[in-house]
Amino acid sequence: LRVPPPPPPVCVRLVVLPPARRLRLVPTPSSVRSGFYDVDLKETLTTSIVRTRTTLSVGDTMVAWMKGVRFEADVREGGGCVVDTDLEVEFGAAAAAPFDGADEGGDGGGGPG
């Protein structure tokens, strides 16, 4: 009979995060294709942050639903505790130009800028 070794110890550390003041969110490519820039999601995403999160960090992805469509935006700047704070949310440009239905070999008008 072989007894498995005990699991490694877990270290838990309390960290006090500063309040988040500003976030820059960038929509995911699938959200751009779903019409991210055609609807006003700022209030919906801000409400989602307040209701579902206590903290946000760079690299987190926020999800909001509007009219049955899922929209996602990645946190690119800012972060911290979002409880009881005035939070300024700004949207950055997506990494790729939105799909407009044109042939993919077009003039590439959505290049970096």
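The following questions and answers go through the sheet and the salt bridges of a predicted model.

Colleague: In what order do the four strands of the open sheet stand?
Modeller: The pairing in this sheet is mixed. Its edge strands are β3 (61-66) and β6 (88-91), each of which pairs on one side only. The full order is β3-β4-β1-β6.

Colleague: In which sense do β3 and β4 pair?
Modeller: Strand β4 covers residues 69-78. Val63 stands opposite Glu72 in β4. Over six bridges, the sense of the pairing between β3 and β4 is antiparallel.

Colleague: What angle does the direction of helix α2 make with that of β3?
Modeller: Helix α2 (residues 42-52) packs on the sheet. The helix touches β1 (22-27), β3, β4 and β6. Its direction and that of β3 make an angle of about 120°.

Colleague: How many residues apart in sequence are the parts that Arg22 and Glu77 tie together?
Modeller: The side chains of Arg22 and Glu77 meet in a salt bridge, at 3.1 Å from N to O. Arg22 lies in strand β1 and Glu77 in strand β4, so the parts tied together are apart in sequence by 55 residues.

Colleague: Is Arg24 buried, partly exposed or exposed?
Modeller: Arg24 also meets Glu77 in a salt bridge, at 3.2 Å from N to O. Buried means under 20% relative accessible area, and exposed means over 50%. Arg24 has 22% relative accessibility, so this residue counts as partly exposed.

Colleague: Which residues are joined into one network by salt bridges that share partners?
Modeller: Glu77 meets Arg22 in one salt bridge and Arg24 in another. With Glu90 included, the network joins Arg22, Arg24, Glu77 and Glu90.

Notes
Residues are numbered from 1 along each chain as its sequence is written. This is a predicted model: local features need pLDDT of at least 70, side-chain atom pairs count only at pLDDT 80 or more; totals for chains, interfaces and linings use all residues. Side-chain values use heavy atoms; hydrogens and water are left out. Two strands pair if DSSP finds at least two bridges between them. Helices (H or I, at least four residues) and strands (E, at least two) are DSSP runs, numbered from the N terminus. Contact means heavy atoms within 4.5 Å. Axes are lines fitted to C-alpha atoms, for helices over the stretch in contact, and angles run from 0 to 180 degrees between N-to-C directions. A salt bridge is a side-chain nitrogen of Lys or Arg within 4 Å of a carboxyl oxygen of Asp or Glu. Buried means under 20% relative accessible area, exposed over 50%, partly exposed in between (1.4 Å probe, protein chains only).
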